[in-house]
Amino acid sequence: MLKVGIIGAGLYGLNHFTAFAQRAKYLGDIKLVGFAEVDAQRRAAMEKQYAVPAYADYRELIEREHPDALTVVTPDHLHYNIVMDCLERRIPVLVEKPLSTSLEEAKAMAKAADTYETLLQVDFHKRFDPYHIDLKFRIQEGTLGKIQYGYCWMEDVLRVGTDMIGKKSWNNQGSPGWFLAIHMIDLSYWLMDCPKPVSVSAFGFKGKLKSMGIDIYDSMKIQVAYDNGTAITYDTTVVLPNSHESVVRQGVKMVGTEGFMEVNSQYRGARGCSTNTGMETPNLGMTFRDYDKDGNLIKKGYFADSIYDFVENLKYLQNGHSLAELKGKYASGWQGVDSVKVGVAMHESAMKNGITIDISNW
Ligand SMILES: NC(=O)c1ccc[n+]([C@@H]2O[C@H](COP(=O)([O-])OP(=O)(O)OC[C@H]3O[C@@H](n4cnc5c(N)ncnc54)[C@H](O)[C@@H]3O)[C@@H](O)[C@H]2O)c1
């Protein structure tokens, strides 16, 4: 049985707890041995809910519980030190997207994974959406011909800007580019079998959040060219009206010489309105509810499949396979670096009014 721990028990950390608690209960191949959270109130609440040892310092979690693997779910700019500490101890890590907001840090983590021959995986869960998996098959089989261009959008409501990436603890370091567009940057890259990004231009727009005292971009418009001859455009915002029918609008369109395929990754055909919810389009790909045979409520969907893929990789390695055999079959540190290159370049370009940044030698 694999002993796993979680570092960072904030909003998204809750999904890691849910996934691991369910896996432990129904498959029994892992055990959640503890978690680390610096915020005392949050730590106490999660300790009460999950009844596992809680630590303020992740190093103490490591020293006391000896986890076989850890997941890192701290804010975007606070992944590096923790991931490096894990890798140096040869503890496999699943880190939330983006790998980092710094290219130097991202490369150092990917290198450390090589040096210490330890699994480093980035939690890009859009790779586990069945609609996206099918789209990848179609592209690989040549159904769409040679992909020429694409368009992705991920647009969230204002409370994501104010209460998530704009909250005080994120220290004005959040960005819709890092928080949202990075999902789509990895998704389109993965759909095309990971071509190298070669140039990036982007515009960033400030105004709404700034007027509320949060000095980060409201929105970004990004264009990336790849070495397979394609160019993909990404639109992202965190200032949609809070009254919008879902937290997020999101989707991907890929266009090739023989056709196109568009996936609305939010609106899957289920749309409704009630006095309790208002208008809604639930993304039932990411999370849907079910009951187990004893009537307990459980949560399924690609949010969990992505975390379970990390567990499957750990078991594969435990069964005597090598990291080399896993290469290309998961979102590795080096694949994470490719998306960080785009992330860094799009922010640099946005600061310089959209000039094209050549990243072919980054
Ligand atoms: N896959 C997704 O769809 C998805 C969605 C939301 C967030 N995320 C990612 O998850 C990460 C966390 O985002 P969030 O929304 O949960 O942020 P959050 O601010 O709600 O939670 C982060 C938590 O980490 C804690 N923390 C910070 N430093 C720590 C340390 N050294 N040790 C232990 N705990 C520490 C904070 O106190 C906080 O509770 C980010 O990288 C974010 O981009 C992914």
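Which strands does α1 lie across, and at about what angle does α1 run to β2? Helix α1 lies across β1 (2-7), β2 (30-36) and β4, and runs at about 155° to β2. Such angles run from 0 to 180 degrees between N-to-C directions, with axes fitted as lines to C-alpha atoms, for helices over the stretch in contact.

A word on the ground rules. Residues are numbered from 1 along each chain as its sequence is written. What you're looking at is a predicted model, where local features need pLDDT of at least 70, side-chain atom pairs count only at pLDDT 80 or more, and totals for chains, interfaces and linings use all residues.

**The whole protein**

The protein has 11 helices and 17 strands; these are DSSP runs (helices H or I, at least four residues; strands E, at least two), numbered from the N terminus. Its C-alpha trace spans about 55 × 50 × 40 Å along the principal axes. For 362 residues, a compact globule would have a radius of gyration near 21 Å, and the 20 Å of this protein agrees with that. That radius is taken over C-alpha atoms, and the globule rule is 2.2 Å times the number of residues to the power 0.38. Buried residues make up 45% of the 362, where buried means that 20 or more other C-beta atoms, placed from the backbone, lie within 10 Å of a residue's own.

**The sheet beside α1**

Back to those strands: six of them form an open sheet in the order β3-β2-β1-β4-β5-β6, with parallel pairing. Strands pair if DSSP finds at least two bridges between them. At the edges, β3 (54-55) and β6 (120-123) each pair on one side only. Further in, three bridges join β4 (69-72) to β5 (93-96), and Leu 70 stands opposite Val 93 in β5.

**Two helices that cross**

Helix α1 also meets α9: their axes come within 9 Å and cross at roughly 60°. Here's who is in contact (C-beta atoms, placed from the backbone, within 7 Å):

| Helix | Residues | Contact residues |
|---|---|---|
| α1 | 13-26 | Asn 15, His 16, Ala 19, Arg 23 |
| α9 | 302-318 | Phe 303, Ala 304, Ile 307, Tyr 308, Val 311 |

**One more helix**

In α7 (158-165), Leu 158, Val 160, Gly 161 and Ile 165 are buried. The buried residues of α7 pack against β7 (147-157), α8 (176-191) and β10 (231-240).

Methods
Buried ≥ 20, exposed ≤ 12 C-beta atoms within 10 Å, placed from the backbone. Contact = placed C-beta atoms within 7 Å.
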